[in-house]
Amino acid sequence: EEEEEEEEDLYTPKLGQSFPKELYHIRDRDKNHIFRPKEWVVYKTSAQIFVWAIVLYQYSEWENELTGEESTSSEPTMTRYKILLNEQEPERETVSVLDLYKFITIVPENEVEGQE
């Protein structure tokens with residue numbers, strides 16, 4: 001019974017749901033990050049709201065030519081990804097790597113000091 005109670009306390013993200021402010025310290029943005037398919041990420045929307053998303057795949061420029069989609073990035077060399085924000089919506093967002101955040105592992109200071 002105790003295990004069931006512990007599981008209920010765990011936070012379960014939902015696609016498109018706001019990312020909790022108390023977790024902002026574990027997100028990291030870097031234009032050199034590589035995102036993998038099915039990876040959970042935080043996406044910064046155009047309204048400057050952070051929401052949960054799943055990476056589908058890296059989007060390549062040749063897809064623009066196939067789909068007729070115009071580039072929304074001011075820098076054509078900036079890596080872009082297709083992400084999913086809602087399981088019920090078939091529409092996929094094409095976003096810049098600069099709008100995606102990975103999660104970082106926080107090592108408590110006392111553990112770092114013990115390693116020296």
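Analyst: Start with a definition: two strands count as paired if DSSP finds at least two bridges between them. The model in front of you is predicted. In this model, 5 bridges join strand 2 to strand 3, and these strands run antiparallel. Within that pairing, Val 42 stands opposite Trp 52 in strand 3.

User: Before going further, how many helices and strands are in the chain?

Analyst: The chain has 3 helices and 6 strands. Along the sequence they follow the pattern α-β-β-β-α-β-β-β-α. Of the 116 residues, 31% are buried. Among contacts between residues at least 6 apart in sequence, 58% join residues at least 24 apart.

User: What order do the strands take in the sheet?

Analyst: The order is 1-6-2-3-4-5, in an open sheet of 6 strands with antiparallel pairing. Strand 1 (27-28) and strand 5 (93-96) are at the edges; each has a single partner strand, so one side of each lacks a neighbour in the sheet.

User: Which strand is joined to strand 1, and by how many bridges?

Analyst: Strand 6 (residues 100-103) is joined to strand 1 by 2 bridges, and the two run antiparallel. Asp 28 is the residue opposite Lys 102 in strand 6. Strand 6 also pairs with strand 2 in the antiparallel sense, over 2 bridges. There, Tyr 43 stands opposite Leu 100 in strand 6.

User: Is strand 2 largely enclosed or left open by the rest of the structure?

Analyst: First the general idea: in a regular strand, side chains alternate between the two faces of the sheet. Burial is then counted residue by residue, with under 20% relative accessible area as the cut-off. In strand 2, 4 of the 5 residues are buried, so the strand is largely enclosed by the rest of the structure. The hairpin of strand 2 and strand 3 has 5 residues between the strands, and Gln 48 there takes a positive phi near 65 degrees.

User: How should I read a nonpolar core, and which residues touch the most other members here?

Analyst: In soluble globular proteins, nonpolar side chains tend to be buried together. The largest core here has 13 residues, and Phe 35, Tyr 43, Tyr 81, Ile 83 and Leu 100 touch the most other members. Strand 2, strand 3 and strand 4 each give two or more residues to this core. Strand 3 supplies the largest share, 3 residues. A second, separate core of 5 residues includes Val 42, Phe 50, Trp 52 and Tyr 101.

User: What does Tyr 43 touch?

Analyst: Leaving aside residues up to four places away in sequence, the residues touched by Tyr 43 include Ile 49, Phe 50, Val 51, Ala 53, Ile 83, Val 95 and Leu 100. Glu 93 and Asp 99 are also among them.

User: How many aromatic pairs does a search of the whole structure find?

Analyst: The search finds 8. To read one, take the distance between ring centres and the angle between planes; an angle over 60 degrees counts as edge-to-face. Tyr 24 and Phe 50 are an edge-to-face pair, at 5.2 Å centre to centre and 70 degrees between the planes. Tyr 24 lies in the loop between helix 1 (2-9) and strand 1, and Phe 50 in strand 3 (residues 50-59), so the pair ties together parts 26 residues apart in sequence. Tyr 24 is partly exposed, at 24% relative accessible area, whereas Phe 50 counts as buried at 12% relative accessibility.

Phe 35 and Tyr 81 are also edge-to-face, because their ring centres are 5.3 Å apart and their planes stand at 85 degrees. Phe 35 is in the loop between strand 1 and strand 2 (40-44) and Tyr 81 is in strand 4 (residues 80-84), so this pair ties together parts 46 residues apart in sequence. Phe 35 and Tyr 81 are both buried.

User: Which residues do ring pairs link into a cluster?

Analyst: The cluster links Phe 19, Tyr 24, Trp 40, Phe 50, Trp 52, Tyr 101 and Phe 103. Arg 27 lies over the face of Tyr 24, 4.1 Å from the ring centre. Arg 27 also lies over the face of Phe 50, at 4.3 Å from the ring centre.

User: Which side chains meet in a salt bridge?

Analyst: Side chains of opposite charge can pair when their charged atoms come close. A search of the whole structure finds 1 salt bridge. Glu 39 and Lys 102 form it, at 2.8 Å from N to O. Glu 39 lies in the loop between strand 1 and strand 2 and Lys 102 in strand 6, so the pair ties together parts 63 residues apart in sequence. Lys 102 counts as buried, at 17% relative accessibility.

Technical notes. Residues numbered from 1 in each chain as written. Predicted model: local features only at pLDDT ≥ 70, side-chain atom pairs only at ≥ 80, totals over all residues. Heavy atoms only, no water. Helix = DSSP H or I, 4+ residues; strand = E, 2+ residues; numbered from the N terminus. Phe/Tyr/Trp six-rings, centres within 6.5 Å; stacked < 30°, edge-to-face > 60°. Buried < 20%, exposed > 50% of the residue type's maximum accessible area, 1.4 Å probe, protein only. Lys NZ or Arg CZ within 6 Å of the ring centre and 35° of its normal. Salt bridge = Lys/Arg side-chain N within 4 Å of Asp/Glu carboxyl O. Core = buried A, V, L, I, M, F, W, Y, C linked by side-chain atoms within 4.5 Å. Contact = heavy atoms within 4.5 Å.
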